[in-house]
Amino acid sequence: MLPNRYQLSSTSINENVSANSTVGTLSTTDSNSSDSFTYTLVAGTGDTDNNAFGISGSLLTINSSPDYEAKSSYSIRIRSTDLGGLYTDKQFTIQVNDLSESTTTTITSDAPDPSVVGQNYTVSVSVAPSSGAGMPSGSVQIGDSVNFCTATLSAGTGSCSLPSTSAGTKTITANYSGSTGWLTSSDTESHSVTKADTTTTITSITPEPSELGGDYTIYMTVTTNSPSTSLISSGTINVTVGTTTTGVPITDGQASLLVTGNSTGTVTIFATYLGDASHFNTSSDTETMRWKIHSSRR
Ligand SMILES: [Ca+2]
Ligand SMILES: [Ca+2]
Ligand SMILES: [Ca+2]
């Protein structure tokens with residue numbers, strides 16, 4: 001009889017299975033139990049994706065690893081022929097099952113590297129499928145273990161800025177938190193931060209000129225050089241007047257020292273900001289004290 005009651009044991013397959021995996025088994029129910037059947041992919045209505053499949057005996061196999069995000073279903077046409085040469089064609093739709101799949105997170109840049117204390121740098125990331133098509137969405141948490149930012153993915157990429165708060169070699173970690181259909185992944189990257197250069201300035205000596213031997217105050221500032229925008233809010237400026245050195249504390253980038261005057265002749269003032277171990281480099285300034293010149297009287 002006509003082999004019209006044949007079927008495929010499964011019409012769906014998980015994505016990402018290896019090439020040549022079995023989709024299902026073809027079988028025919030026939031009242032003539034001694035009959036046997038041959039299955040072939042044939043041209044005709046519904047044969048759109050015949051080239052993507054093969055038949056080996058009664059097994060339908062898929063030629064390449066299926067990828068739901070690239071192609072979620074296939075249409076094929078199969079012929080069952082009995083020993084007598086009678087045949088029937090049937091159309092099947094093979095569905096690809098969508099699975100959550102692994103991703104690859106990559107820190108694509110951290111710029112500028114090195115950065116200096118008090119300068120922000122931008123970390124850019126990409127998150128891609130480990131294989132196959134599609135575009136993971138969601139966000140990536142980025143941090144150096146002290147400072148953190150969040151990059152929102154758009155078309156699989158994103159970026160955010162981290163501040164450089166201390167000198168040294170940092171390890172940046174980017175953690176993709178996953179989203180529907182996409183598993184988590186992460187990456188690390190090395191980043192260097194160097195100490196910021198500074199400028200020490202003796203801004204004024206008041207009063208100047210001073211009376212010879214009189215008291216005066218030395219005003220100083222310490223600032224960070226571009227690209228750092230840090231305010232130096234602590235530390236010490238060593239001020240040397242003549243042979244005496246005094247450590248002067250810095251508050252909000254400023255410092256001052258009252259000098260009790262007993263000097264005569266030219267006085268040179270040296271101001272040296274000492275810097276510190278992990279933020280700021282040393283810098284210094286010098287000024288020569290000018291005394292008021294009095295015209296001699298009789
Ligand atoms: Ca996929
Ligand atoms: Ca998927
Ligand atoms: Ca780097």
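# Reading a three-domain model

Me: Between which strands is the loop in which P227 lies?

Reply: P227 lies in the loop between β18 (216-224) and β19 (236-241). Strand names here come from DSSP: strands are runs of E of at least two residues, helices are runs of H or I of at least four residues, and both are numbered from the N terminus. Before going on, note that this is a predicted model, in which local features need pLDDT of at least 70 and side-chain atom pairs count only at pLDDT 80 or more, while totals for chains, interfaces and linings use all residues. Residues are numbered from 1 along each chain as its sequence is written, and chains are lettered from A and ligands numbered from 1 in the order in which they are written.

Me: What joins S226 and P227?

Reply: The bond to look at is a cis peptide bond, with omega about 10°. A second case is the bond from A111 to P112, also cis, where omega is about 0°. P112 sits in the loop between β9 (103-111) and β10 (115-116).

Me: Let me turn to phi. What is the phi of N20, and how exposed is this residue?

Reply: N20 is not a glycine, yet its phi is positive, about 70°. Its place is the loop between β2 (12-14) and β3 (22-28). For exposure, count the other C-beta atoms, placed from the backbone, within 10 Å of a residue's own: 20 or more make it buried, 12 or fewer exposed, and anything in between partly exposed. N20 has 13 such neighbours, so it is partly exposed.

Me: And is A155 buried or exposed?

Reply: A155 is exposed, because it has 8 other C-beta atoms within 10 Å. A155 also has a positive phi, near 55°, without being a glycine. You will find A155 in the loop between β13 (148-152) and β14 (157-163).

Me: Which residue takes a positive phi in the hairpin of β5 and β6?

Reply: That is G57, with phi near 65°, in a hairpin that has two residues between its strands. Two strands pair if DSSP finds at least two bridges between them. Here β5 (residues 53-56) and β6 (residues 59-62) run antiparallel and are joined by four bridges. Within the hairpin, F53 of β5 stands opposite I62 of β6.

Me: How do I read a sheet order? What is the order of the strands in the sheet with β18?

Reply: Follow the strands from one edge to the other: β17-β18-β21, an open sheet of three strands with antiparallel pairing. β17 (198-206) and β21 (254-259) are the edges; each has a single partner strand, so one side of each has no neighbour in the sheet. For the twist, lines are fitted to C-alpha atoms (for helices over the stretch in contact), with angles from 0 to 180 degrees between N-to-C directions. In this sheet, neighbouring strands are turned by 20° against each other on average, direction ignored. Eight bridges hold the pairing of β17 and β18, where T201 has T221 as its bridge partner.

Me: In what order do the four strands of the sheet with β19 run?

Reply: The order is β20-β19-β22-β23, again open and with antiparallel pairing. β20 (244-249) and β23 (283-289) are its edge strands, each pairing on one side only. The twist from one strand to the next averages 20°. β19 and β22 are joined by five bridges, and V241 has I269 of β22 as its bridge partner.

Me: Now the interior. Which residues have the most contacts inside the largest nonpolar core?

Reply: In soluble globular proteins, nonpolar side chains tend to be buried together. A nonpolar core is a set of buried Ala, Val, Leu, Ile, Met, Phe, Trp, Tyr and Cys residues joined through C-beta atoms within 7 Å. The largest one has 20 residues, and V117, I218, M220 and I237 have the most contacts inside it. β18, β19, β21 and β22 (267-273) each give two or more residues to this core, and β18 gives the most, with four. Domain 2 (103-194) and domain 3 (198-292) each supply at least three of its residues; such bounds come from an automatic or database domain assignment.

Me: How many residues of domain 2 are in contact with domain 3?

Reply: Contact here means that C-beta atoms, placed from the backbone, lie within 7 Å. Seven residues of domain 2 are in contact with eight residues of domain 3. The domain centres, taken over C-alpha atoms, are 43 Å apart.

Terms used. Two residues are in contact if their C-beta atoms, placed from the backbone, lie within 7 Å.
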